[in-house]
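Subject: Handing over a structure

Hello,

Here is the structure I promised to pass on. Please open it first, then read the notes below it.

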Amino acid sequence: MKSAKSLNRQLVASMAGVTGLALFIMCAGFFLFYEFVYFRFWAPEGLEGLPEPDSYWPTPPEWIAYLVLWTMGLGGAIVAATRFARRLIQPLEAVATAARRVAAGDLSARAAPTKASFAETRQLIEDFNHMAGQLNRAETEMRAWHAAIAHELRTPLTILRGQIQGYVDGVFTPDTPSLQGLLVQVEGLSRIVDDLKVLTLAQNGRLELRLETIDLAREVASVVAVTTPMLQLAGVSIHMDLGSVVIRGDGARMRQVLTALLDNVRRYAAPCDVRIETRVTRDHAILRVCDHGPGLPKGAEAKVFDAFWRSDASRSRESGGSGLGLAVVQAIAQAHGGIAVAMASEPQGVTFEIRLPKL
């Protein structure tokens with residue numbers, strides 16, 4: 001506030017000083033012009049017979065009139081400068097006050113717009129409020145993200161701790177099935193950590209891709225060959241319609257995308273039929289996975305790629321999903337310059353479509 005008042009005073013003093021100096025130079029210039037130039041070189045006709053005055057400088061009454069006019073002009077300049085400074089300073093004070101509150105941790109702080117502000121200062125307030133809103137949303141999302149991560153890690157860690165503590169206390173006897181169960185939990189933790197790493201790198205623009213010329217159809221075939229036994233055990237039948245689609249991409253990441261989509265089908269849509277297609281359109285290279293499972297709730301197509309989103313939290317956790325698989329799919333698609341979309345299948349089910357730039 002103190003600095004704002006100082007700036008206000010400086011603006012008023014500067015504008016008043018400039019105006020006063022301009023008035024002084026103007027008056028002095030008139031006096032010098034008439035004293036040394038006008039009456040000596042361009043004297044009006046009819047003044048030749050008049051006695052020569054001692055000086056052309058103003059008389060005391062004229063000086064008084066000049067000073068009164070100069071004071072009035074200077075006063076008007078001060079009033080105008082004060083109003084101008086108020087219109088300029090008030091929005092800056094609002095932004096500065098809100099910025100201090102944001103710096104102190106109050107991300108709900110906003111700068112109040114003023115009616116008599118300039119377009120530029122109004123834009124400054126709007127931009128600041130938008131930035132503060134973004135920070136507030138980012139903090140809210142970060143807290144929700146941390147809570148979701150803690151929740152996802154808590155279950156497998158609790159199982160591991162309880163099981164191992166049982167072995168230490170002699171309550172449980174280590175055998176192959178129980179150790180395999182522990183290994184499943186460890187693999188689940190590793191998958192969550194890997195997915196979190198991919199998402200974090202993608203959000204920071206640091207997800208590295210080993211780009212090369214690949215054929216999506218060939219990558220799909222290699223993934224299906226590995227995952228078919230597991231999918232068949234879950235009652236998932238795969239049908240492929242693969243056209244040659246050559247792109248510039250990371251083969252390992254694209255296999256990760258398809259694996260995540262098929263794993264999503266196995267967990268949430270089985271038993272069902274799945275159709276995998278690769279196509280080239282006028283604008284994109286397409287990888288499409290269509291299932292005929294229960295589908296998504298109405299309007300959920302835009303949310304499925306959000307991290308930790310679930311249409312049915314209890315069912316999802318029972319099936320072992322972390323809620324990160326489809327978020328990873330979107331991250332990898334965007335890293336390739338493309339996008340992942342979800343849409344309803346006919347007569348039921350979900351179609352996931354990865355749209356990538358053509359080669």
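A contact here means heavy atoms within 4.5 Å. Among contacts in this protein between residues at least 6 apart in sequence, 69% join residues at least 24 apart. Please keep in mind that the model is predicted.

First, the overall make-up. The protein has eight helices and seven strands. Of its 359 residues, 33% are buried.

Next, the record. An unreviewed UniProt entry annotates residues 12-34 and 63-82 as "transmembrane region". In the model, residues 63-82 are 100% helix and 0% strand. The end C-alpha atoms of that span lie 28 Å apart.

Now helix α8, residues 325-335. Is it enclosed or open? Eight of its 11 residues are buried, so α8 is largely enclosed by the rest of the structure. The buried residues are L326, A327, V328, V329, Q330, A331, I332 and A333. What covers them includes two helices, α4 (176-203) and α6, and two strands, β6 (339-344) and β7 (350-357). Just after α8 comes G337, with a positive phi of about 85°. Most residues other than glycine have a negative phi.

Then the empty space. Rolling a probe the size of a water molecule over the atoms shows where such space is left. The structure holds one cavity of 30 Å³ or more. About 30 Å³ of space lies in the largest cavity. Which residues line it? They are L216, E219, V220, V223, M254, R255, L258 and L287. Two elements give two or more residues to this lining: α5 (216-233) and α6 (251-268). The largest share, four residues, comes from α5. By class, the lining has six nonpolar residues, two charged ones and no polar ones.

Stay with α5 for a moment. T227 lies in this helix. T227 is buried, because its relative accessible area is 9% and the cut-off for buried is under 20%. The side chain of T227 reaches the backbone oxygen of V223 at 2.9 Å. V223 also appears in the cavity lining. An α-helix has 3.6 residues a turn, so residues three or four places apart point the same way.

There is also a pocket to look at. The second largest pocket has a volume of about 530 Å³. It is lined by 20 residues, and the closest to its centre are E141, W145, L199, Q203 and A307. The elements that give two or more residues to this lining are α3 (119-169), α4 and α8. How many residues come from α3, which gives the most? The number is seven. The lining divides into 11 nonpolar, seven polar and two charged residues.

Last, two peptide bonds. Most peptide bonds are trans. A cis bond joins A270 and P271, with omega of about -5°. P271 is found in the loop between α6 and β4 (272-280). Another cis bond joins E346 and P347, with omega of about 0°. P347 sits in the loop between β6 and β7. Those two strands also help to cover the buried residues of α8.

For a quick tour, start at α8 and its eight buried residues. Go on to the cavity lined in part by α5 and α6. Finish at the cis bonds before P271 and P347.

Best wishes

How values were computed. Residues are numbered from 1 along each chain as its sequence is written. This is a predicted model: local features need pLDDT of at least 70, side-chain atom pairs count only at pLDDT 80 or more; totals for chains, interfaces and linings use all residues. Side-chain values use heavy atoms; hydrogens and water are left out. On a 1 Å grid over the protein atoms alone, a cavity is a set of points where a 1.4 Å probe fits but cannot get out, and a pocket is an open set with protein on both sides within 12 Å along at least five of seven lines; lining residues have an atom within 4 Å of a point. Grid points are joined across faces, edges and corners, and a volume is the space filled by probe spheres set on the points. Ala, Val, Leu, Ile, Met, Phe, Trp, Tyr, Cys and Pro count as nonpolar, Asp, Glu, Lys and Arg as charged, and the others, Gly among them, as polar. Buried means under 20% relative accessible area, exposed over 50%, partly exposed in between (1.4 Å probe, protein chains only). A polar contact is a pair of N or O atoms within 3.5 Å; within protein, one must be able to donate a hydrogen and the other to accept it, and residues adjacent in sequence count only if both atoms are side-chain atoms. UniProt positions are given in the numbering used here, feature names are shortened, and annotations may be inferred rather than shown by experiment.
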